[in-house]
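Student: I would like to learn how to read a structure that is new to me, feature by feature. Could we go through one together?

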Amino acid sequence: MQIFEERAGGTCIMRLVGELDEHTAADFRLRADGAIDSGCRHLILVLKDLRFVDSSGLGVLMGRYRRIVEHGGQVSLVAPPPHIRALLEMAGIPRLMPLYRSQRQALMGGVRQGGGR
Amino acid sequence: MMSGGTSNFFVLRMPAKAENLGIARLAVAALAGQLDFTLHDLEEIKIAVNEAVTNVVVHAYPAGPGLLTLEAEIGEQGLTVTVSDEGIGIADIGQARQAAYSSDPERMGMGFTFMETFMDDLQVVSTPGEGTTVIMRKHLVKAPVPSPS
């Protein structure tokens, strides 16, 4: 998996490309924790190029969510492919981390991707 | 038994390492793809296989490296996947299969839930000290023939 990082003020944007599983979850955890430790208050995860995620990936995602929320921040998810979105919903994740259609909308914190398709 | 048609199978033996998860799910998806499963079905199969193999990688061999065996077979009924190890086994299968059961806060405890949700049948057989075998089946649902009228 590849991870591309950007920063906009106190918000870190990470684009995950490839497959997030038990093998790659440790790398994601290191990178995200590094971002949080360096002062990222909010985390936007761009998932449009994520091809696969499993329970290990979701577990690491939840771990980072807990860290961000502890400091009053928010984790937002952008444009997950349909099969990944279905998995996120099964795990109850959109109740904790809002879904957005685009990175721009996530940055504005507006127009959430609603319950429809 | 192997009379051609849609019957096929493979057996893979590999170290229980996270690096091999991609091989496991792609191999099974490639075999399942020889049947008329939808792309959606194939995504579900990949997740279920992935979770079964992840359990072996994470839990079966705490003392050191071990091996796992992945078998997949297709036939008229659909797909059967068997993941087995010779690891420590699961003392309480009922507890392990509960949603959100995990001893680690970084884990969702959703592995068995995903296997149960995405496959039609799931059997777990385990003997502490000897190993665990997970057998999963996914049926091939034939598209209904539109009725004339």
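**Reading the two chains**

Tutor: Let us begin with a pair of strands: β1(A) and strand β2 (residues 11–20) of chain A run antiparallel and are joined by seven bridges. Please keep in mind throughout that this is a predicted model.

Student: Which residue in β2(A) stands opposite A:Ile3?

Tutor: A:Leu16 is the residue that stands opposite A:Ile3. The two strands make a hairpin with two residues between them, and in this hairpin A:Gly9 takes a positive phi near 65 degrees.

Student: How many of the seven residues of strand β1 (residues 2–8) of chain A are buried?

Tutor: The number is zero, so β1(A) lies largely in the open. As a general idea, side chains in a regular strand alternate between the two faces of the sheet.

Student: How should I read a helix, for example α1(A), and what span should I expect of its 16 residues?

Tutor: One reasons from the rise of 1.5 Å a residue, by which the 16 residues of α1(A) should span 22 Å, and since the end C-alpha atoms are 23 Å apart, the two agree. Just after this helix, A:Gly39 takes a positive phi of about 110 degrees.

Student: Which residues of α1(A) are buried, and what do they pack against?

Tutor: The buried residues are A:Glu22, A:His23, A:Thr24, A:Ala25, A:Phe28, A:Ala32 and A:Ala35. They pack against β1, β2, β3 (42–46) and α2 of chain A, together with α1 and α2 of chain B.

Student: That brings in the other chain, so how do I read the place where the two chains touch?

Tutor: In general, the size of an interface is often given as the accessible area lost when the parts come together. Here we can count residues, and 16 residues of chain A are in contact with 21 residues of chain B. On the side of chain A that touches chain B, the elements giving two or more residues are α1 (22–37), α2 (55–70) and α3 (82–90) of chain A, and α2(A) gives the most, with seven residues. By character, the residues of that side divide into six nonpolar, six polar and four charged.

Student: In what order do the elements of chain B run from the N terminus on?

Tutor: The order is β-α-α-β-β-α-α-β-β, which gives four helices and five strands. Of the 149 residues of chain B, 35% count as buried, and among its contacts between residues at least 6 apart in sequence, 67% join residues at least 24 apart.

Student: How are the five strands of chain B arranged in their sheet?

Tutor: They form an open sheet with antiparallel pairing, in the order β1-β2-β3-β5-β4. At the edges stand β1 (8–15) and β4 (121–127) of chain B, each of which has a single partner strand, so one side of each is left without a neighbour in the sheet. From one strand to the next the twist averages 10 degrees. Strand β2 (residues 67–75) and strand β3 (residues 78–85) of chain B are joined by eight bridges, and B:Leu68 has B:Asp85 as its bridge partner in β3(B). Helix α2 (residues 39–60) of chain B packs on the sheet, where it touches β2, β3 and β5 (131–139) of chain B, and its direction makes about 10 degrees with that of β3(B).

Student: Where on helix α1(B) do its buried residues lie, on the same side or on opposite sides?

Tutor: First name them: B:Leu21, B:Ala24, B:Arg25, B:Val28 and B:Ala32 are buried in α1(B). They cover an arc of only 85 degrees around the axis, which puts them on the same side of the helix. The face turned away from this buried side carries the exposed residues B:Leu26 and B:Ala30. Among what covers the buried residues are α1 of chain A and α2, β2 and β3 of chain B.

Student: What can I say about one residue, such as B:Phe112 in helix α4 (residues 111–118) of chain B?

Tutor: One counts its neighbours: B:Phe112 has 22 other C-beta atoms within 10 Å and is therefore buried. Leaving out residues up to four places away in sequence, B:Phe112 touches B:Ala96 and B:Arg97. The residues buried in α4(B) are B:Gly111, B:Phe112, B:Phe114, B:Met115 and B:Phe118, and seen down the axis they fall within an arc of 160 degrees, so they line one face of the helix.

Terms used: Residues numbered from 1 in each chain as written. Chains lettered and ligands numbered in written order. Predicted model: local features only at pLDDT ≥ 70, side-chain atom pairs only at ≥ 80, totals over all residues. Buried ≥ 20, exposed ≤ 12 C-beta atoms within 10 Å, placed from the backbone. Contact = placed C-beta atoms within 7 Å. Nonpolar A, V, L, I, M, F, W, Y, C, P; charged D, E, K, R; others polar. Pairing = 2+ DSSP bridges. Axes fitted to C-alpha atoms, helices over the stretch in contact; angles between N-to-C directions. Arc of directions from axis to C-beta. Expected span 1.5 Å × (residues − 1).
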